[in-house]
Amino acid sequence: MTHIPSLTLNNGTSIPQLGFGVYQIEPQDTREAVRTALETGYRHIDTAEMYGNEKEVGQAVRDSGLPRGEVFVTSKLNNGHHAYGDALAAFDRSMEDLDLEYLDLFLIHWPLPAVGDYVETWQALEEIYRSGRAKAIGVSNFQPSHLERLLRETGTVPAVNQIEIHPYLTQDDVRAFGTDHGIATEAWSPIAQGKVLDDPVITEIAGRLERTPAQVTLRWHIQRGDIVFPKSVTPARVEENFRLFDFELTPADMAAITALDRGERLGPDPDTFNWIPS
Ligand SMILES: NC(=O)c1ccc[n+]([C@@H]2O[C@H](COP(=O)([O-])OP(=O)(O)OC[C@H]3O[C@@H](n4cnc5c(N)ncnc54)[C@H](OP(=O)(O)O)[C@@H]3O)[C@@H](O)[C@H]2O)c1
């Protein structure tokens, strides 16, 4: 069985560097997709209330028969539950849907800077962490200015910041802020939902190494030290994305991929995104 490296988060907990993401997997397909991932050897699943498939993720983890301690499960607080009491209640609902004893990691999904209450939200996550029902807490889509405010006004440094990163958006400044403050970086949409796979720099490296463009791109993330969880409902791709640990990119190949950065976001800009579900 392939060995997936783990990273140690700032509170001493351990996270597999490669996981499986379930954004845009329909609830009726999620149980099967997560089953395939767990059978392939993935031991880290990334979901969110916003994805509408927490129930099916929990079901698949329980179905697997794996000891709870062997699968790392992350979920996220949806926009609209940022007030302290709402955040606690939303966490309870997520736990009910997941039907798991505890979560490994719980994140604030978006900072929503115009709403302006993410400090209070973070205090609710600190309370959840103290209760032991989330083994680690963190944030997603936080810019350095948002992180600075949390560090100034609260007592717990987030364990992770989950942000959009791929070769067309390398986010070196946000990653450097994380490194300086002991916040691990998780890269969402690591293959840019397929958009980087035709890039000539990536296809040239893939051809030379006899790997696929997705494997080369995911390997680039792994060697940068980030945590990734590519999504796929296609079993052959789930398998392909897992095979990252029997080859290496040279420093020159790493630099060539990093140089593809063009500041191109697929998702919204966290500084201006303030969407709340109705
Ligand atoms: N925190 C946030 O705000 C946030 C935002 C977005 C995503 N995320 C997390 O990050 C995870 C991954 O991001 P993502 O789902 O947006 O994008 P992604 O993993 O970069 O790409 C997924 C897309 O690429 C295709 N694909 C997967 N493997 C492939 C391969 N080997 N070759 C060719 N195509 C392949 C998939 O198609 P098929 O499924 O059809 O195979 C799917 O269309 C999400 O599932 C979610 O857990 C978090």
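Trainee: Which residues does Y51 touch, leaving out those up to four places away in sequence?
Mentor: Y51 touches V22, Y23, D46, K76 and H109. Keep in mind that this is a predicted model.

Trainee: Where does Y51 sit?
Mentor: In the loop between strand 4 (44–46) and helix 2 (54–63).

Trainee: Buried or exposed?
Mentor: Y51 has a relative accessible area of 14%. Buried means under 20%, so Y51 counts as buried.

Trainee: What does UniProt place at Y51?
Mentor: The UniProt record, an unreviewed entry, places the feature "active site" at Y51.

Trainee: Okay, pockets. What volume does the largest pocket have?
Mentor: The volume of the largest pocket is about 730 Å³. It is lined by 37 residues, and the closest to its centre are Y23, Q24, S189, Q193 and K231. Y23 is also one of the residues that Y51 touches.

Trainee: Which helices each supply at least two residues of that lining?
Mentor: Helix 8 (213–224) and helix 9 (235–240) each do so.

Trainee: And how do the lining residues of the largest pocket divide?
Mentor: Into 19 nonpolar, 13 polar and five charged.

Trainee: Now closed spaces. How many cavities of 30 Å³ or more does the structure hold?
Mentor: One. The largest cavity has a volume of about 50 Å³.

Trainee: Which residues line the largest cavity?
Mentor: The lining consists of N141, F142, Q143, I163, E164, Q171, W188, R265, P268 and P270. By type, five of these residues are nonpolar, three are polar and two are charged.

Trainee: Switching to the core. Which residues of the largest nonpolar core touch the most other members?
Mentor: That core has 67 residues, and F20, V22, V34, I45, F106 and L249 touch the most other members. The largest share of this core comes from helix 4 (residues 118–131), with six residues. V22 has already come up, as a contact of Y51.

Trainee: Why would such side chains sit together inside?
Mentor: In soluble globular proteins, nonpolar side chains tend to be buried together.

Trainee: What does L249 touch, not counting residues up to four places away in sequence?
Mentor: L249 touches I205, L209, V216, R219, W220, Q223, M254 and I257.

Trainee: How many residues are in the second, separate core?
Mentor: The second core has 15 residues, including F72, A136, A159 and I227.

Terms used:
Residues are numbered from 1 along each chain as its sequence is written. This is a predicted model: local features need pLDDT of at least 70, side-chain atom pairs count only at pLDDT 80 or more; totals for chains, interfaces and linings use all residues. Side-chain values use heavy atoms; hydrogens and water are left out. On a 1 Å grid over the protein atoms alone, a cavity is a set of points where a 1.4 Å probe fits but cannot get out, and a pocket is an open set with protein on both sides within 12 Å along at least five of seven lines; lining residues have an atom within 4 Å of a point. Grid points are joined across faces, edges and corners, and a volume is the space filled by probe spheres set on the points. Ala, Val, Leu, Ile, Met, Phe, Trp, Tyr, Cys and Pro count as nonpolar, Asp, Glu, Lys and Arg as charged, and the others, Gly among them, as polar. UniProt positions are given in the numbering used here, feature names are shortened, and annotations may be inferred rather than shown by experiment. Helices (H or I, at least four residues) and strands (E, at least two) are DSSP runs, numbered from the N terminus. Buried means under 20% relative accessible area, exposed over 50%, partly exposed in between (1.4 Å probe, protein chains only). Contact means heavy atoms within 4.5 Å. A nonpolar core is a set of buried Ala, Val, Leu, Ile, Met, Phe, Trp, Tyr and Cys residues joined through side-chain atoms within 4.5 Å.
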